[in-house]
Amino acid sequence: MSTPPADPHLPAVHLRPPRNWINDPNGLVFHDGHYHVFFQYNPYGPQHANVHWGHFRSPDLITWEELPVALAPTPGGDDADGCFSGNAISVDGRLVAFYSANRTGRWWQPVTTAESYDGGHTWAKRPELLIPQPPADATMYRDPYVWRQDGGWRMLVGSAFADGRGAALLYESDDLENWAHRGPFHVSSPATTTAPVGWECPQYATFGDRAVLIVSDWTPQGGPSHTTVHTGHEQGGRFTASAPPVPLDHGPDFYAPALLKAPEEDRWLLWGWAWEARDADWVNEAGWAGVLTLPREVTLAADGTVVQRPARELLALRGERVLHRTGHITESGTAELGQVSRTFDLTAVLTPDTTGTSGLRLVTSADGSEYLDITLDPTAGRITVDRSHASTDARARAGAYALPYPAAEAPGTPVELRVMVDRSIAEIYLAGGQVLTLRFYPLADGPWRLQAHATGTGRGDFTVEAWDLTPAGLVQESLLAGHRQDA
């Protein structure tokens with residue numbers, strides 16, 4: 001049987017199998033010298049169904065090995081309709097995966113586990129559910145997150161209450177087998193009767209005596225919505241926020257992030273799911289859907305700002321520097337900066353013209369009809385990423401999305417950007433730690449090139465550098481081979 005040509009939008013350096021559906025990153029853990037990244041995976045098609053756990057591992061966050069499927073639904077079992085989201089830990093020489101057991105018609109997803117003693121190649125499921133029933137006041141229940149603290153084990157489970165509030169429920173255990181429910185760890189503000197919310201995929205990271213709680217907002221009407229981050233501290237089994245929640249990512253195509261504590265130092269890594277922004281028929285033609293973001297480092301600034309940056313290891317993916325330009329634009333002009341590949345890493349320092357807007361344009365067609373715009377507006381205090389002209393195919397979603405402009409009080413202040421583009425995904429970082437993730441689908445053959453542009457009557461300065469991103473290589477096995485499932 002012939003192999004269809006690769007979709008030109010299939011990312012080259014972002015993690016995902018070559019075909020079929022993926023969504024949430026799961027089970028991020030460092031074990032026996034490797035970073036392990038699991039993910040929701042349908043091995044049979046590009047639709048959300050038949051949910052398994054796919055599996056990659058890497059010694060360095062650069063070279064990734066695709067291992068056999070870790071978890072698959074057990075026919076007739078508690079997870080017969082999907083091994084849904086959760087996390088994993090490394091303990092006593094083994095990996096333990098905590099996950100949500102899905103059955104159609106059961107509104108809650110009980111927590112259960114599977115273990116591996118060979119680095120994640122084969123897995124044995126526990127014979128009975130770990131936590132079979134939700135608390136009486138819950139109306140949603142899924143997505144365990146387990147971590148070790150003060151010699152014991154703790155677990156958050158995503159939930160919702162009947163009054164429309166999202167919640168992260170806290171459990172504690174001394175032995176990973178017997179878990180005591182301690183009540184709500186944190187809940188959302190009271191919801192209106194028309195806008196209930198549930199919290200999926202709770203994630204928790206500590207930074208000294210401060211902490212960060214990340215939750216993915218899910219609504220009964222629309223399903224997955226967006227991800228918010230709460231900063232604060234814990235006292236007596238309850239999390240107290242020190243500021244209102246804010247978006248973790250300001251883009252339209254980011255959800256269900258997961259955290260991993262790096263082993264060698266006090267740093268946290270994060271991956272998210274970037275879903276498709278094109279219609280289902282196009283997805284079916286392409287044969288794949290979803291991608292994981294590049295790994296990010298997450299820190300907490302002194303003022304409580306959650307800071308995200310590309311993991312430092314990603315600098316090793318840079319190949320040839322293809323562009324280095326310094327200059328300025330005057331009188332509502334445009335400057336041609338040079339060509340880039342379809343997978344590149346860019347840094348820019350832009351000093352905006354305060355009499356108008358300025359920014360960068362990624363032009364992907366020879367005639368200039370397809371382009372992605374990044375625009376600074378110092379008066380409005382925002383940076384806008386606009387994909388309205390990024391694809392001539394009407395099946396691609398359009399829209400413009402804004403990042404807060406941290407230098408709004410001083411409009412002429414230079415703005416530093418890092419932009420990582422990989423065929424159909426762009427991750428745009430500000431130096432202050434804000435980030436926006438967006439999918440786009442150019443159709444033209446290119447070549448791709450960059451422009452600097454401005455609309456004002458003054459002068460805008462720029463310094464831009466870009467490097468090709470070169471995949472370090474991916475060792476692939478059959479994702480369906482070699483896995484063992486014990487009911």
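How do strand 27 and strand 34 pair, in the parallel or the antiparallel sense, and over how many bridges? Hold that thought for a second, everyone. What we have on the screen is a predicted model, so please listen with that in mind.

Now the answer: strand 27 and strand 34, which covers residues 449-454, pair in the antiparallel sense, and six bridges hold the pairing. If you want a spot to click on, take G359, whose bridge partner in strand 34 is H453. Strand 27 also pairs with strand 28, residues 371-377, again in the antiparallel sense and over six bridges. There you can look at V363, whose bridge partner in strand 28 is Y371. As a reminder for those of us who live at the bench, strands of a sheet pair through backbone hydrogen bonds, either parallel or antiparallel.

So is strand 27 enclosed or open? Of its six residues, 358-363, five are buried, so strand 27 is largely enclosed by the rest of the structure.

That brings me to the cavities. The count comes to two cavities of 30 Å³ or more. The largest has a volume of about 80 Å³. Its lining includes F344, L346, L360, R361 and L362. Two or more lining residues come from each of strand 26, strand 27, strand 28 and strand 31. Which strand gives the most? Strand 27, with three residues. As for chemistry, the lining of this largest cavity divides into nine nonpolar residues, no polar ones and one charged.

The second largest cavity holds about 60 Å³ of space. Among the residues lining it are I329, P352, S358, G359, H453 and D461. You have met G359 and H453 already, as bridge partners. Here strand 35, residues 459-469, gives the most to the lining, with three residues. The split is five nonpolar, five polar and one charged.

Let's move to another part of the chain. Four strands form an open sheet in the order 9-10-11-12, with antiparallel pairing. Strand 9 (138-149) and strand 12 (180-187) stand at the edges with a single partner strand each, so one side of each has no neighbour in the sheet. On average, neighbouring strands of this sheet are turned by 25 degrees against each other, direction ignored. Strand 9 runs antiparallel to strand 10, residues 152-161, and ten bridges join them. In that pair, Y145 stands opposite L156 in strand 10.

Last topic, and one for the charge enthusiasts: salt bridges. The structure holds 32 of them. In one, the side chains of E313 and R267 meet at 2.4 Å, N to O. E313 sits in the loop between strand 23 and strand 24, and R267 in the loop between strand 18 and strand 19, so this pair ties together parts that are 46 residues apart in sequence. Are these two buried or exposed? Both E313 and R267 are buried.

In another, R321 and E465 meet at 2.6 Å, N to O. R321 is in strand 24 and E465 in strand 35, so here the tied parts are 144 residues apart in sequence. R321 is partly exposed, with a relative accessible area of 43%.

Then there is R395 with D393, where the closest N and O atoms are 2.9 Å apart. D393 is buried, at a relative accessible area of 15%. Finally, D7, E276, R278 and R439 are linked in a network of salt bridges.

Thanks for listening, and I'm happy to take questions.

Note on methods. Residues numbered from 1 in each chain as written. Predicted model: local features only at pLDDT ≥ 70, side-chain atom pairs only at ≥ 80, totals over all residues. Heavy atoms only, no water. Buried < 20%, exposed > 50% of the residue type's maximum accessible area, 1.4 Å probe, protein only. Pairing = 2+ DSSP bridges. 1 Å grid on protein atoms, 1.4 Å probe; cavity = no way out; pocket = protein on both sides within 12 Å on 5 of 7 lines; lining within 4 Å. Points joined across faces, edges and corners; volume = space filled by probe spheres on them. Nonpolar A, V, L, I, M, F, W, Y, C, P; charged D, E, K, R; others polar. Axes fitted to C-alpha atoms, helices over the stretch in contact; angles between N-to-C directions. Salt bridge = Lys/Arg side-chain N within 4 Å of Asp/Glu carboxyl O.
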